[in-house]
Amino acid sequence: MISLKRITLLAGGTGSVKLVRGFSKIDDVELTIISNVGDNIWLHGLYICPDLDTILYGLSGLLDTSKGWGVSNDTFDVLDQLNFFGQKTWFNLGDRDLALHLVRTNLLNSGISLTDIIANLSKILGIKEIIIPSSNQPIETYVETDQGDIHLQEYWVKHKAKLKVLDVKYKGADNALPSPGVIDSIQSADKVIICPGNPITSILPILAIKNIRSSLVNTSVPVIALSPILNKTPINGPAGLLMASLNIPVSSLGVAKLYSDFLNTFIAHTDDFDSSSEINNIGAKLINTDILMKSDFDEERLARLMLRL
Ligand code: FO1
């Protein structure tokens, strides 16, 4: 009899979905994905959950892989019409994508939890993996800028990361509880994987929720992280700008140190070994390999490497 390996992944959106997809192609693996909710935002009366949706779309084959978010071949007629009515349309919501936001918002308004809604949507989309929002309570990543506090999506999409950053806050995290299943999936996993998401906007908002970080510290199973940084430059998104603004070195070592209290193994790019001894000093082992995921093959190659460790 083949024994299933239980793998729990902490994931953001665009940077994480490739590794999540890589794991999903491997048989004999039971996957639980704990998704960031800090980038969720209310717009046009709808609750948008970008990281959760990227995982939903990524695992169901609907994802626009060229952008890394939204539905492939989507149209933007509703957005054009919203613009016509004078609404703010800086956040590009596609017509098919909007259907998901409508369904989710209606279900939320009828009192169903985000966890149950995502489980239901996963079923409809034919997804066999378990996707859990890190919390059912609202957590919002806010960027403190020289022009005031703004939501992460406003900083990144509306202002194109051009404002001076003073701090990043996870509003609501202090009072938020992990969703049902989150702690259990960490405690019962054979391995926990930290996806190569932006540490500031994707992974730290998950770790800021009560008991999640401590359950990673206390688990006896390996916790493995894949670097989101290639040659001192983040593979995508605003990670570099935000890390630099917070005086965190924009390097694999800088990321590894953010996870130092629970990290067992850190995977960085082939020639990114300058900081090997320093990564060892924080109690983790460094593995160097090609971390770029340019194809399905690469995604599965990295997932299989992590399984073997
Ligand atoms: N990213 C952009 O850069 N521009 C957009 O207009 C945009 C719209 C959007 C709509 C739905 C969705 O699920 C994601 C969307 N994203 C967009 C991506 C998103 O801003 C971030 O990449 C994630 O929140 C970071 O994980």
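The largest pocket has a volume of about 780 Å³. A pocket here is an open set of points on a 1 Å grid over the protein atoms alone, with protein on both sides within 12 Å along at least five of seven lines. Its volume is the space filled by probe spheres set on those points, which are joined across faces, edges and corners. Keep in mind that this is a predicted model, where local features need pLDDT of at least 70 and side-chain atom pairs count only at pLDDT 80 or more, while totals for chains, interfaces and linings use all residues. Residues are numbered from 1 along each chain as its sequence is written, and side-chain values use heavy atoms, with hydrogens and water left out.

So what lines the largest pocket? There are 37 lining residues, and T14, D51, G68, W69 and W156 lie nearest the centre; to count as lining, a residue needs an atom within 4 Å of a point. Two or more residues come from each of α1 (17-24), α2 (50-60), α4 (95-109), α6 (152-158) and α8 (199-207). Helices are DSSP runs of H or I with at least four residues, strands are runs of E with at least two, and both are numbered from the N terminus. Sorted by class, the pocket lining comes out as 13 nonpolar, 17 polar and seven charged residues. In that sorting Ala, Val, Leu, Ile, Met, Phe, Trp, Tyr, Cys and Pro are nonpolar, Asp, Glu, Lys and Arg are charged, and the others, Gly among them, are polar.

Stay with α2 for a moment, since with five residues α2 gives the most to the lining of the largest pocket. α2 is also mostly covered, with ten of its eleven residues buried, meaning under 20% relative accessible area (exposed is over 50%, partly exposed in between; 1.4 Å probe, protein chains only). Among the buried ones are P50, D51, L52 and Y57. Just after α2 comes G61, with a positive phi near 80°.

Now for a closed space. The structure holds one cavity of 30 Å³ or more, a cavity being a set of points where a 1.4 Å probe fits but cannot get out. About 30 Å³ of space lies in this largest cavity, and K67, W69, G70, V71, D74, F76, N92, L93, G94 and D97 line it. That lining has four nonpolar, three polar and three charged residues.

What about disulfides, counted as pairs of cysteine sulfur atoms within 2.5 Å? A search of the whole structure finds zero. C49 is in none, as the nearest cysteine sulfur, that of C195, is 18 Å away, too far for a bond. C49 is buried at a relative accessible area of 0%, and C195 is buried at 1%.

Stepping back to the whole chain, you have 13 helices and 14 strands. The radius of gyration is 19 Å, close to the 19 Å that the globule rule gives for 309 residues, so the chain is as compact as a globular protein of that length. That radius is taken over C-alpha atoms, and the rule is 2.2 Å times the number of residues to the power 0.38. The C-alpha trace spans about 60 × 50 × 40 Å along its principal axes. Buried residues make up 55% of the 309. Of the contacts (heavy atoms within 4.5 Å) with a separation of 6 or more, 66% join residues 24 or more positions apart.

Note on methods:
Disulfide = S-S within 2.5 Å.
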